[in-house]
Amino acid sequence: MDFEDTKEEAAFRAEVRKWLDANAKNAGGGGDDALAERADKEFLKRAKAWQARKADAGYARITWPKEVGGYGGTPIQQVIFSQEEGRFDAANLGSPFAIGLGMCIPTLMAYGAKDAVARYVKPALHGEEIWCQLFSEPAGGSDVAGLRTRAEKNGDTWTINGQKIWTTGAQISDYGILLTRTDPNAPKHKGLTMFYLSMKAPGVEVRPIKQASGQSGFNEVFFTDVKIPDSQRLGEVGQGWQVALTTLMHERLAVGGGQGGGLDVPQLMGLARTLELEDGPAIKNAAVREKIADWYVRSAGLKYTTYRTMTALSRGQQPGPEASIAKIVVAPKLQDLSAFAMELEGEAGALKGADAPAHGAFQMGWMSSPGLRIAGGTDEILKNIIAERVLGLPQDVRVDKDVPFNKLPSGK
Amino acid sequence: MNFDFSDDQKMLRDQARRFLTEKCTAKTVRKVFESDAGHDATLWKQIAEMGWHGTAIPENYGGLGLGYLELCVVAEELGRALAPVPFSSTVYLFAEALLAAGSEEQKKKYLPKVASGELIGTFARAEGPGAVTPKSIRLSFKGGKLSGKKIAVADGLDADYAVVLARTGDEAGERGLGLALVDLKGPGVTRRVEDSIDPSRKHAELSFDNAPAEALGKAGEGWDLANAVLNRAAILTAFEQVGGADICLAMAKDYAMTRYAFGRPIGSFQAIKHKLAEMYVNNELARSNAYYGAWALLTNARELPVAAAAARVSATQAFDYAAKENIQTHGGIGFTWEVDCHLFYKRSRELGLVLGSQRSWKDKLVNALELSNAA
C-alpha cells in the first residue's frame with residue numbers, strides 16, 4: 001500500500017504539471033461559486049478560452065480517442081489531470097462544459113449519425129458550443145420517465161410541445177439533448193424518444209429559476225411548436241429510455257464528489273477555535289468535539305474511498321460500487337455541519353455575508369445544501385439505487401409498468 | 001495510487017475465509033457462548049498451525065514476519081466469523097505491547113510462544129466504571145510486586161500472562177505509571193469470571209496480592225506506551241469490526257430478499273432498502289478508514305494516531321448500526337436466542353468498548369487532529 005504514482009502515472013503527471021504551469025496561471029478562475037457565475041459573461045469568456053487551450057493541447061477529454069480530439073488516455077490519467085488542474089483557479093472554468101462533454105456528446109457519439117458527430121463534437125470540445133440535458137420535468141423529477149413533453153411526427157418533421165425544468169446551464173447553451181414522449185398509449189418507459197436540438201430554435205424559451213439560496217443555476221425551458229427534423233433523432237422511436245440510460249451511465253462514471261463548497265471539518269475546527277461558549281473555547285467543548293469527530297470520520301472515509309476507486313482505475317480495473325456513496329455522504333453532512341456551525345455562532349449565526357462570522361461561509365453552505373441533497377438524484381433515490389443495484393434488493397412494486405402512459409393516475 | 005491489498009494478500013483472505021467457514025461456524029461460536037469455556041481450544045490450535053498468530057511477528061522472534069497488512073486481512077476474517085479465540089488480546093495487544101516496550105530478552109522469551117500459539121496473553125487497563133485516566137489507575141507495581149485489581153479484562157479467564165497498566169511511582173498523573181508483565185498462573189493472582197454481554201469472549205476480574213511481575217518498558221512511560229499499543233490494536237480491531245458489520249449487512253439482505261410480508265419481499269419496501277443502503281455506506285466508509293489505518297501501521301506513519309482513532313470510531317459506528325438494524329430487519333425472529341443476530345449485536349458492543357468507548361476515542365481523535373494542525 002502506498003499513495004505513489006506508478007512510473008507511467010508519474011511521467012504523465014510531470015507532463016501535465018509542466019503544461020499547466022505554463023498555461024493555467026493566467027487563465028483566471030471561477031470565484032467561489034462557479035454555478036452562480038455561469039451566466040456571467042466575463043466568466044464564460046474565460047471559461048471558453050481555457051477550454052479551447054486545453055482542447056488544442058489534447059487535454060480537454062483525456063479518455064476520448066485521439067480521432068475525436070481526446071488524449072486517448074486512461075481513466076486514471078483523467079483523475080491525475082483533474083488533480084493537477086485543481087491546483088489552479090482555472091479548474092472551476094470547466095463547469096459550463098461538464099454536462100455537454102460528460103453526458104450529451106457521449107450520447108451523440110453513441111447514437112448520432114456520422115455527419116452529426118463530425119459537426120458537433122469538435123466545437124463542444126473546444127468550448128465553442130455549450131450543451132445542456134433536457135430530461136427533468138415538473139411531472140418527472142426522480143421519476144424521469146414520467147415526462148410529458150410531446151413530440152408528434154408529421155412527415156419528416158417532429159413538433160415539440162411541453163416544458164422542462166432544472167436544466168443546468170440552459171441559459172448559456174447552444175444545443176441540448178431532449179427526451180420526449182412520442183407514444184402516450186405505450187407504457188411509460190416504452191413511449192419515449194430522444195432528440196438533439198438547437199436551443200436557438202423558434203419556440204424554445206429559457207427562464208432562469210431563482211433558487212431558495214437566491215442564486216440561479218437552473219432553468220425552466222418551454223417548447224411551443226418547436227420543429228425538429230427526424231435526422232436529429234438519437235436512437236429508434238420508442239427507445240428513448242435506453243438512450244437516456246446511456247447518458248445517465250456517463251454521469252455516474254464521473255469520479256470524485258468534491259462538492260461541498262470547501263466547507264468541512266478543518267473550517268469547522270477553525271471556527272470553533274475562535275468562538276467562546278458558556279464553558280470556554282468552543283473547541284474544548286465535549287459536544288463540539290464529538291460532532292467534529294463524527295464528521296471527520298465521514299470525510300476521511302470518503303477521501304480514502306476515492307483512493308480505493310483510483311487504485312482500481314490505476315490497475316486498469318472497473319471501480320467497485322463503493323464509488324456511488326459520495327453524494328449521499330457529502331450533501332447531508334454539509335447541511336448538518338453548516339447548521340451546527342451557525343449554532344456555535346449563536347445569535348450572530350442569523351447573519352450572512354460580510355456581517356456573519358467567517359464571511360458567511362456556513363450560512364452559504366446551509367442555504368445551498370438542500371439543493372445538493374436533491375440535484376443529480378435525491379438522497380432517497382440514491383439509497384434506492386444502492387439497495388437495488390449494489391445490494392441486489394428487489395424493485396419496489398410498480399403500478400406504472402405495462403399500463404398505457406395516458407391511463408396512469410397523475411395527481412396534480 | 002496503490003491503496004488496496006495485493007493479490008497475495010487477497011489470496012490469504014480467501015484462504016482464511018474458506019478455513020473459518022469450515023472450522024468456525026455459528027455452532028463453534030455458540031459452544032463457547034453457551035458454556036463456561038473461555039475460548040475454543042481446538043480452533044485456537046488450528047489457527048496457530050496456520051501461522052496466523054505470528055503473521056506480523058518478526059522472524060527472529062519466531063513469527064512469519066509477513067507484516068501488518070496480512071494481519072489486517074486475518075483480523076477481518078476473524079471478525080466475520082466471530083471467532084471465539086483470544087486472538088485480539090494475545091496478538092493485537094499483548095504481542096504489540098512486547099514489541100513496543102519489551103527488552104530484547106523479553107521479546108525472545110515471550111514472542112515465539114505467542115507465534116506458536118502456546119501462550120495466551122491479554123492487556124488490562126480498567127479498574128472500575130468510567131473513563132480510564134491516569135488518576136483512575138491504582139494498581140500498584142513496586143519492588144517487583146503487583147497489588148490491586150483490574151476489571152473487565154477480555155480473555156482474562158484463559159490468559160497465561162497479562163500486561164497491566166500500573167502505578168509505579170508517587171508522581172502525579174501519567175508520570176507515575178508504568179507497564180508490568182505478570183504471570184497469571186503465578187502466586188498472588190486470583191481471577192473471577194465476570195458476567196458479560198458477550199460470553200463468546202469471557203471477561204475476568206484479576207486481583208493481585210503481592211504478585212511477582214516484571215517491568216515492561218520504563219517506569220513513568222506506561223501511559224504513553226499503553227496509548228501507543230491501543231492505537232495499533234484499534235486499527236486491527238477495526239478490521240474485525242468491519243468484517244462483522246459486513247456479515248450483518250449480508251444477513252439482513254438475505255433475510256429481506258426471502259421474507260415476504262403484505263404479499264412481497266420486505267426488501268422491496270423503501271423503509272428496508274434505505275436502512276440497508278445506510279449500512280452499506282457506513283461499512284464502506286469504515287472499510288476505507290480501516291485501510292488508511294492499515295497503511296499507517298505498515299509504515300509506522302506520523303499520522304497513526306489520527307488514522308487509528310478515525311478507524312476505531314468509524315468501525316464502531318458501522319458495526320453498531322449494522323448489528324442493531326440487522327435485528328430490526330429480521331423483526332421478532334431476530335430477537336430470539338436461536339437466530340444468530342444477537343451474537344453480532346453483543347460482539348459489536350463488546351468490541352466497541354474493549355479498547356475504550358467511542359466517546360473517548362472521539363476525544364482522542366480531535367486531540368490528534370489538533371496536534372497535527374499545530375505541526
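The questions and answers below concern a predicted model with chains A and B.

Student: How many residues of chain A are in contact with chain B?
Tutor: Contact here means C-beta atoms within 7 Å. On the other side, 37 residues of chain B take part. The number for chain A is 37.

Student: Which helix gives the most to the side of chain A that touches chain B?
Tutor: Three helices each supply at least two residues: H9 (286–314), H10 (326–345) and H12 of chain A. By class, this side of chain A has 22 nonpolar, six polar and nine charged residues. The top contributor gives 17 residues, and that helix is H9(A).

Student: How do H12(A) and H8(B) lie to each other, by the named angle classes?
Tutor: H12 of chain A covers residues 379–390, and H8 of chain B covers 270–299. Their axes come within 8 Å and cross at roughly 85°. Angles of 65 to 115 degrees share one class. The two helices are therefore roughly perpendicular.

Student: Which residues of H8(B) make that contact?
Tutor: H12(A) brings Lys383(A), Asn384(A), Ile386(A), Ala387(A) and Val390(A). By class, the contact of H12(A) with H8(B) has six nonpolar, three polar and two charged residues. From H8(B) come Gln270(B), Lys273(B), His274(B), Leu276(B), Ala277(B) and Tyr280(B).

Student: Turn to H8 of chain A. Over what arc do the buried residues of H8(A) fall?
Tutor: This helix spans residues 265–274 of chain A. Its buried residues are Val265(A), Leu268(A), Leu271(A) and Ala272(A). Seen down the axis, they line one face of H8(A), because they fall within an arc of 125°.

Student: What do the buried residues of H8(A) pack against?
Tutor: Val265(A) and Leu268(A) are among these buried residues. Their packing partners are in chain A. The partners are H9 and H10 of chain A.

Student: How far apart are the C-alpha centres of domain 1 and domain 2 of chain A?
Tutor: The domain assignment gives domain 1 as 7–97 + 113–125 and domain 2 as 131–252. Domain 3 of chain A is 255–376. The centres of domain 1 and domain 2 of chain A lie apart by 27 Å.

Student: In chain B, how many residues of domain 3 contact domain 2?
Tutor: Domain 2 of chain B is 121–219 and domain 3 is 224–374. Their C-alpha centres are separated by 28 Å. Domain 2 of chain B gives 12 residues, with seven nonpolar, two polar and three charged. Domain 3 of chain B gives 11 residues.

Student: Is Gly191(A) buried or exposed?
Tutor: Gly191(A) sits in the loop between strands E4 (175–181) and E5 (192–198) of chain A. Beyond four places in sequence, Gly191(A) touches residues including Arg181(A), Gly238(A) and Phe405(A). The cut-off for burial is 20 or more other C-beta atoms within 10 Å. With 21 such neighbours, Gly191(A) counts as buried.

Student: Is Lys45(A) buried or exposed?
Tutor: Lys45(A) is in helix H3 (residues 41–57) of chain A. A residue with 12 or fewer neighbours falls in the exposed class. Lys45(A) has 11 C-beta neighbours inside 10 Å, so Lys45(A) counts as exposed.

Student: How far is the C-alpha atom of Lys202(B) from that of Phe33(B)?
Tutor: Lys202(B) is in the loop between strand E6 (189–194) and E7 of chain B. Lys202(B) is buried, with 25 other C-beta atoms within 10 Å. Among the residues Lys202(B) touches are Gly38(B), Asp155(B) and Leu157(B). Lys202(B) and Phe33(B) are 169 residues apart along the chain, and their C-alpha atoms are separated by 8.6 Å.

Student: What is phi of Asn210(B)?
Tutor: Asn210(B) is found in strand E7 (residues 203–216) of chain B. Asn210(B) counts as partly exposed, with 14 C-beta neighbours inside 10 Å. Its phi is a positive value in a residue other than glycine, near 55°.

Student: And what is phi of Asp402(A)?
Tutor: Asp402(A) lies in the segment after H12 of chain A. Asp402(A) counts as exposed, with 10 C-beta neighbours inside 10 Å. The value of phi is again positive in a residue other than glycine, near 60°.

Terms used. Residues numbered from 1 in each chain as written. Chains lettered and ligands numbered in written order. Predicted model: local features only at pLDDT ≥ 70, side-chain atom pairs only at ≥ 80, totals over all residues. Axes fitted to C-alpha atoms, helices over the stretch in contact; angles between N-to-C directions. Helix = DSSP H or I, 4+ residues; strand = E, 2+ residues; numbered from the N terminus. Parallel < 35°, antiparallel > 145°, perpendicular 65-115°, else oblique. Contact = placed C-beta atoms within 7 Å. Nonpolar A, V, L, I, M, F, W, Y, C, P; charged D, E, K, R; others polar. Domains from an automatic or database assignment. Arc of directions from axis to C-beta.
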